[in-house]
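The following exercises are meant to be worked through slowly, with the sequence and the 3D view side by side. Try each task before reading the solution beneath it.

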Amino acid sequence: MKATTKPVASKAAAKTKAFSTEERAAMRDAAREAKRGKDFDGEAEVKASFAKMSDTDRKLAETIHAIVLKAAPALMPKTWYGMPAYANAAGKTICFFQNAGKFKARYSTLGFNDASKLDDGNFWPVAYALTKLTAADE
């Protein structure tokens, strides 16, 4: 009797299915950002990232941008995985805006990395969901 075998999927095919197209694009953005050196125009990068967003996401991103720069003028704009982000003087990303369209999510997110040192007790938020921003929210 002849044994039948199923074709084995290649490792390359398996790897490409591990990440979505959007996730792979974010990783390419991160690789590009890692190579940019210290002399880059973060404000221009952030504004270019706004241009890639839908109108709704762009309005949220621009509002968050203005709020962050007003509340924490020492933070420097940059992109982080292609998203608008804000870094401290050491270059550590403190917070970032992930627009809903970036990963086809239901809502945008304002997130904070551990360098933000938001520690308050044993449990604290590090991200906020955004669908719109009103004057009261701001």
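**Exercise 1.** Is Glu 45 buried or exposed? Decide this, and then find its salt-bridge partner.

*Solution.* Keep in mind from the start that this is a predicted model. The first step is to take the relative accessible area of Glu 45, which is 16%. The second step is to compare this value with the cut-off, since buried means under 20% relative accessible area; Glu 45 is therefore buried. The third step is to look for the partner, which is Arg 36, and here the closest N and O atoms of the salt bridge are 2.5 Å apart.

**Exercise 2.** Which side chain meets that of Glu 43 in a salt bridge, and where do the two residues lie?

*Solution.* Begin with the contact itself: the side chain of Glu 43 meets that of Lys 47, with a distance of 3.5 Å from N to O. Next, place the pair in the chain, where both residues belong to helix α3 (residues 42-51) and are four residues apart, about one turn of the helix. Finally, consider accessibility: Glu 43 has a relative accessible area of 26% and is partly exposed, and Lys 47, with 47%, is partly exposed as well.

**Exercise 3.** How many residues apart are Arg 58 and Asp 55 in helix α4? Describe their contact too.

*Solution.* Both residues lie in helix α4 (residues 55-71), three residues apart, which is about one turn of the helix. Their side chains form a salt bridge with an N to O distance of 2.2 Å. Arg 58 counts as partly exposed at 22% relative accessibility, and Asp 55 counts as partly exposed at 48%. A search of the whole structure finds six salt bridges.

**Exercise 4.** How many bridges join strand β1 to strand β2? Follow the chain from there to a surface patch.

*Solution.* Strand β1 (residues 76-80) and strand β2 (residues 83-87) run antiparallel and are joined by five bridges. Within this pairing, Lys 78 stands opposite Ala 85 in β2. The two strands form a hairpin with two residues between them, and in the turn Tyr 81 has a positive phi of about 55°. Tyr 81 then leads to the patch, as it forms a nonpolar surface patch with Phe 19 and Met 27, together offering about 270 Å² of accessible area. Met 27 is found in helix α2 (residues 21-35), and with a relative accessible area of 36% it is partly exposed.

Definitions and conventions:
Residues numbered from 1 in each chain as written. Predicted model: local features only at pLDDT ≥ 70, side-chain atom pairs only at ≥ 80, totals over all residues. Heavy atoms only, no water. Patch = residues over 30% accessible without salt bridge, like charges linked within 9 Å, V, L, I, M, F, W, Y side chains within 5 Å. Areas by Shrake-Rupley, 256 points an atom, 1.4 Å probe, with all protein chains shown as cover. Salt bridge = Lys/Arg side-chain N within 4 Å of Asp/Glu carboxyl O. Buried < 20%, exposed > 50% of the residue type's maximum accessible area, 1.4 Å probe, protein only. Pairing = 2+ DSSP bridges.
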